[in-house]
Structure formats: structure tokens, C-alpha cells
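Me: I have a model open and would like to learn how to read its features one by one. Could you walk me through it?

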Amino acid sequence: MSADKQAENQAENHKAERHKARQQKVKEAVDAKIAKAQTEKGVLLVMTGNGKGKTTAGFGNITRAVGHGKKAAVVQFIKGNWPCGERAVLEKVGVEFHVMATGFTWETQDREKDTLAALSAWEAAETLLSDDTIDIVLLDELTYMVSYHYLDLDRVLTAIKNRPPMQHVIVTGRACHRAILELADTVSEVQPIKHAFESGVKAQLGFDY
């Protein structure tokens, strides 16, 4: 073997050893966090921000839970007039849905009607949030109901705080109120980089809804 080849092999071996040492440190840090995280409780997850995919992510959690034999329920605010592919699938496997069914608020332009519809949907949510047989509840687009003052913030916070201790809750929507963010265990913010709609691409069945 030539001296150049030997030097090349030694450099590669040294690089591999450094990589292994770095990864070992990462593994030790992750293992320590796993060992420390032993609490089991119902988690409040908030998916907020102006980007696309918050509702989709929420339904992903619901599907995962159902796949593990958990009992799930969904309350949908705002989007009720659109066909919902997730609902078409999940209702068939026993997921309970309650839908506000007034459509987007900029389409109805009727504050009184929207408020009454929001209250009706929220009453269903309160029932779910007091039912210890429900493992996970998705409150889709709830943030708008608080922002528009269709729902009382304290009433929302009280129901979420007083839910069964092992019940998970997912809240989605833009501009989530600070009080809900502070109450949450996990908060993810989805930010837009590009969106097809801004380039004139319409929302399409089976992809966007």
C-alpha cells in the first residue's frame, strides 16, 4: 500500500472515530432526557402559526391514537361546510365528530349566527373534555373562536384545565391566545415559506381538504 493510500485511510479512520465520539455524546444526552422524562399525563398540544398543515398534523395525532386502540373525538370550528376527507375515514373507525358547520366567518359575515354556532360546538367540546373515556380530543381551529370573542376565554381555559388527567387535547389555529399557550405542554408554530395559493393554485380535494 502506498504512503498516500495509508495516509488517506488513517484520515478516514480518524474522521470515523470523531463521528462516533460525537454521536456517543448525543446518545448520552438523549438517554439522560429519556431517563428523566417518566411522568405520564394528558398533554395539551397547540399547533399555531400562519403556515399550512396545523389541522393536518392534528388529524395525524388522532389517527395515531386510533391506531393504538385509543378513543378519540374531534370538534371542528369554522371549516364545517367543506368536505373533510379525514372525517370520512375516521368516523368509520368510531371517532366522534362535532362540526360547527357554518363555514368560514368571512363568508357568513353574521356575527350572531357564528357566535351561536360556536357556543353549540363548544358545549359539545365541554362534554368531551369531561369524559374520562375519551383519550384524545382535537379542537380544530379553536383559536379563532377565542380571537373573535365568540367564546369566553376563561370558560375555555377552565374546561381544558379540569379535563380528565390522562386526556390529551390538541388545539389548532392561528394567533393562539397567550393564556392557552402558557397552559400548553407543547407548542409548535408552523410558519409559511411558500404557499401554492399565493401563486394562484386553488385548494384541491384530497390534498388541501
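Reply: Gladly, and let us begin with the sheet. This is a predicted model, and its open sheet of six strands runs in the order S3-S2-S4-S5-S1-S6, with parallel pairing.

Me: Which strands stand at the edges of the sheet?

Reply: To find an edge, look for a strand with a single partner. Here S3 (96-99) and S6 (186-189) are the edge strands, each with a single partner strand, so one side of each has no neighbour in the sheet. From one strand to the next, the twist averages 10°.

Me: Over how many bridges do S1 and S6 pair?

Reply: There are four bridges between S1 and S6, in the parallel sense. For one residue pair to look at, take Met47, whose bridge partner in S6 is Ser188.

Me: And which strands does H2 touch?

Reply: Helix H2, residues 54-67, packs on the sheet and touches S1, S2, S3, S4 and S5. Its direction makes about 165° with that of S4.

Me: How should I read the nonpolar core?

Reply: The general idea is that in soluble globular proteins, nonpolar side chains tend to be buried together. In this model the largest nonpolar core has 34 residues, and Phe77, Trp122, Leu139, Leu142 and Met145 have the most contacts inside it. The elements giving two or more residues to this core include the strands S1 (44-48), S2 (72-76), S4 (136-140) and S5 (168-172). On the helical side, H5 (111-128), H6 (142-147), H7 (153-161) and H8 (178-183) do so too.

Me: Which element gives the most to this core?

Reply: That is H5, with six residues. To see the packing around one core residue, centre your view on Phe77: leaving out residues up to four places away in sequence, Phe77 touches Met100, Ala118, Ala121, Trp122, Asp140, Glu141, Leu142, Met145 and Leu151. Apart from this core lies another, of 15 residues, among them Ala65, Val95, Phe97 and Leu138.

Me: Is Gln167 buried or exposed?

Reply: The cut-off for buried is under 20% relative accessible area. Gln167 has 1%, so it is buried. This residue is in the loop between H7 and S5. Not counting residues up to four places away in sequence, Gln167 touches Gly42, Val43, Leu128, Leu129, Asp131, Ile134, Asp135, Ile136 and Val137.

Me: What about pockets? Which residues line the second largest pocket?

Reply: A pocket is easiest to read through its volume and its lining. The second largest pocket has a volume of about 300 Å³. Its lining consists of Val43, Leu45, Asn61, Arg64, Ala65, His68, Lys70, Asp135, Ile136, Met166, His168 and Ile170. H2 and S5 are the elements that give two or more residues to this lining, and H2 gives the most, with three.

Me: Last topic: how do I read an unusual phi?

Reply: Start from the general pattern: most residues other than glycine have a negative phi. Glu141 has a positive phi of about 65° although it is not a glycine. Ala175, also not a glycine, has a positive phi near 50°.

Me: Where are Glu141 and Ala175 found?

Reply: Glu141 is in the loop between S4 and H6, while Ala175 is in the loop between S5 and H8. Their surroundings can be read from accessibility: Glu141 counts as buried at 7%, whereas Ala175 is exposed, with a relative accessible area of 56%.

How values were computed
Residues are numbered from 1 along each chain as its sequence is written. This is a predicted model: local features need pLDDT of at least 70, side-chain atom pairs count only at pLDDT 80 or more; totals for chains, interfaces and linings use all residues. Side-chain values use heavy atoms; hydrogens and water are left out. A nonpolar core is a set of buried Ala, Val, Leu, Ile, Met, Phe, Trp, Tyr and Cys residues joined through side-chain atoms within 4.5 Å. Buried means under 20% relative accessible area, exposed over 50%, partly exposed in between (1.4 Å probe, protein chains only). Contact means heavy atoms within 4.5 Å. Two strands pair if DSSP finds at least two bridges between them. Axes are lines fitted to C-alpha atoms, for helices over the stretch in contact, and angles run from 0 to 180 degrees between N-to-C directions. On a 1 Å grid over the protein atoms alone, a cavity is a set of points where a 1.4 Å probe fits but cannot get out, and a pocket is an open set with protein on both sides within 12 Å along at least five of seven lines; lining residues have an atom within 4 Å of a point. Grid points are joined across faces, edges and corners, and a volume is the space filled by probe spheres set on the points.
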